[in-house]
Amino acid sequence: MNENGAGFGGLQMIDDASGAEIPSTAPVSSAAAAGPVGTATPIAPIAPATPIAPATPIAPATPIAPIAPIAPIAFEQAADGVVALTDRGGSHARVLIVGSGPAGLTAAIYAARADLEPLVIAGFVPGGQLMITSEVENYPGFPEGIEGPQLMANMRAQAERFGARLVDTDVEAVDFSARPFAVTAGGTRHTADSVIIATGASAIWLDLPNETRLRGRGISACATCDGFFFRDKRVAVVGGGDSALEEALFLTKFASEVVLIHRRDELRGSRIMQNRTLNHPKIRVAWNSQVVDVLGEEKIAGLRLRDTQTGAEREMPIEGLFVAIGHKPNTDVFKEWLARDEKGYLVVHDHTSSGIEGVFVAGDVHDHRYRQAITAAGDGCKAAIDAERWLEAQGEEDGAAGTDAELVTGVAGIGEASARSGIPG
Ligand code: NAP
């Protein structure tokens, strides 16, 4: 709200059928209501920087020791660009990382720099959620912001520079009953002395039958990927969190109008994103509105909305729908082995331990509180350090371990003290 309690300037309700604007009385979020917005103190001009003294020449870096080839793994570049394993026998890794978002790749950088030669099962669609994010403005070190895919490409190159091996395929099964652990990916069974799980979370859909039928025919969960196709069209974004606000703002580059459909009368997203969204001339908000059906035969033509306060239903013509209502952790493949909470997120003990000694957890796959690229990266760093210390404590640094199957302690007692990792501090 502004100081008059009259809502953000420019915010309008819309007549769904016609798209015409009607005045809105809906309050914005409680965060926004907490104080006036848009009246920030002007930032003082930055004094010209003192010229940087010429840098002392950097001593030539010690060459990175060549990584011993690991037989019998082999890769081939398929026509579609996917790297595939040609040897079905797999390989043994001291640290095997599942996932290639900020958590997985940061773990890979740290593990590789600790000479642990990590194998990263990166996923069939590698890179995690940042691959479908446009501008990332809150990752430290990029004062002008950076595109999500570019940030992930940088992290991947950094991990590979230190010897991490990445395989772009999905994990189908794991066996944590004995050490070395087994991870089957792309039909290949790998073994590992330790595992770091960093599989992140995936977009949630509305779960409407016609939404599933028309997905890819005007329905998407990725404005960065598909926004281009909606030039000069009226599109809708469902959700009230930062993802929805980010999608809506991105779509204004193309669409003639973006309707943000939210089931409540206040947004969940951060205040800065709310301000940008609610003040954008191309964005209108349909408050207290739930999508109950998607209309259209060959492609989407409209939505049926229900007013969450009155129960009244109405139709809204639109040509594109972007669903941004949150994410689901990618934990199905681990459910027989690791404890999960009621939403499916992995339960973590003692910082990064899964409850099975030698199996560590990092990033959004367990963190539904912060869910930021930077917190995921920090988690990946912690998991790699914990894995390294745990391997040292196991006396595995001499390479002796990983050959004899050893019963894993604590599998049956996930979540109990006896099952917790004994990571030295
Ligand atoms: P989120 O914060 O959980 O928001 C999900 C939104 O979808 C909520 O507004 C929710 O409504 C709505 N919703 C959930 N289920 C729905 C359903 N079935 N039908 C209609 N609406 C539904 O998820 P998110 O936006 O993906 O953000 C996740 C985390 O990532 C947050 O911590 C966020 O700050 C962060 N993030 C940050 C950035 C950034 O900083 N650039 C960008 C994206 C995400 P209610 O509000 O009524 O619950």
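Strand 20 (residues 302-307) and strand 21 run antiparallel, and five bridges join them. This is a predicted model. Two of the pairings can be followed residue by residue. Leu303 has Met316 of strand 21 as its bridge partner. Gly302 has Pro317 of strand 21 as its bridge partner. Strands of a sheet pair through backbone hydrogen bonds, either parallel or antiparallel.

Strand 20 and strand 21 form a hairpin with five residues between the strands. Gly311 in this hairpin takes a positive phi near 85 degrees.

Now widen the view. The hairpin strands belong to an open sheet of three strands, in the order 19-20-21, with antiparallel pairing. Strand 19 (289-295) and strand 21 (313-317) are the edge strands, and each pairs on one side only. From one strand to the next, the twist averages 30 degrees.

Next in sequence after this sheet comes strand 22 (residues 320-323), which holds Phe322. Is Phe322 buried or exposed? Phe322 counts as buried because it has 28 C-beta neighbours inside 10 Å, and the cut-off for buried is 20 or more. Its contacts, leaving aside neighbours within four places in sequence, are Ser220, Ala221, Ala223, Val235, Val237, Glu247 and Leu251. Arg215 is 107 residues away from Phe322 in sequence, but the C-alpha atoms of the two are 9.9 Å apart in space.

The whole protein can be put in numbers too. Among contacts between residues at least 6 apart in sequence, 64% join residues at least 24 apart. The protein has eight helices and 25 strands. Of its 425 residues, 40% are buried.

Turn to the ligand. It is surrounded by 18 residues, and the closest are Gly239, Gly240, Gly241, Ser243 and Ile325. Which helix gives the most to the shell around the ligand? Helix 6 (residues 242-251) does, with four residues. By class, the shell has eight polar, six charged and four nonpolar residues.

Helix 7 (residues 271-278) shows how burial can be laid out around an axis. Gln274, Thr277 and Leu278 are buried in helix 7. These residues lie on the same side of helix 7, because they cover an arc of only 85 degrees around the axis. An α-helix has 3.6 residues a turn, so residues three or four places apart point the same way.

Finally, look at the backbone in three loops. Most residues other than glycine have a negative phi, and most peptide bonds are trans. Asp115 is not a glycine, yet has a positive phi of about 65 degrees. Asp115 sits in the loop between helix 2 (102-113) and strand 6 (119-121). With 14 other C-beta atoms within 10 Å, Asp115 is partly exposed.

Asp232 is not a glycine either, and has a positive phi of about 60 degrees. The loop that holds Asp232 runs between helix 5 (223-226) and strand 16 (234-238). Is Asp232 buried or exposed? Asp232 is exposed, because 9 other C-beta atoms lie within 10 Å, and the cut-off for exposed is 12 or fewer.

The third loop lies between strand 11 (178-179) and strand 12 (181-185), and it contains Pro180. Arg179 and Pro180 are joined by a cis peptide bond, with omega about 0 degrees.

Conventions
Residues are numbered from 1 along each chain as its sequence is written. This is a predicted model: local features need pLDDT of at least 70, side-chain atom pairs count only at pLDDT 80 or more; totals for chains, interfaces and linings use all residues. A residue is near a molecule or strand if its C-beta atom, placed from the backbone, lies within 6 Å of it. Helices (H or I, at least four residues) and strands (E, at least two) are DSSP runs, numbered from the N terminus. Ala, Val, Leu, Ile, Met, Phe, Trp, Tyr, Cys and Pro count as nonpolar, Asp, Glu, Lys and Arg as charged, and the others, Gly among them, as polar. Two strands pair if DSSP finds at least two bridges between them. Axes are lines fitted to C-alpha atoms, for helices over the stretch in contact, and angles run from 0 to 180 degrees between N-to-C directions. The arc is that of the directions from the helix axis to the C-beta atoms. Two residues are in contact if their C-beta atoms, placed from the backbone, lie within 7 Å.
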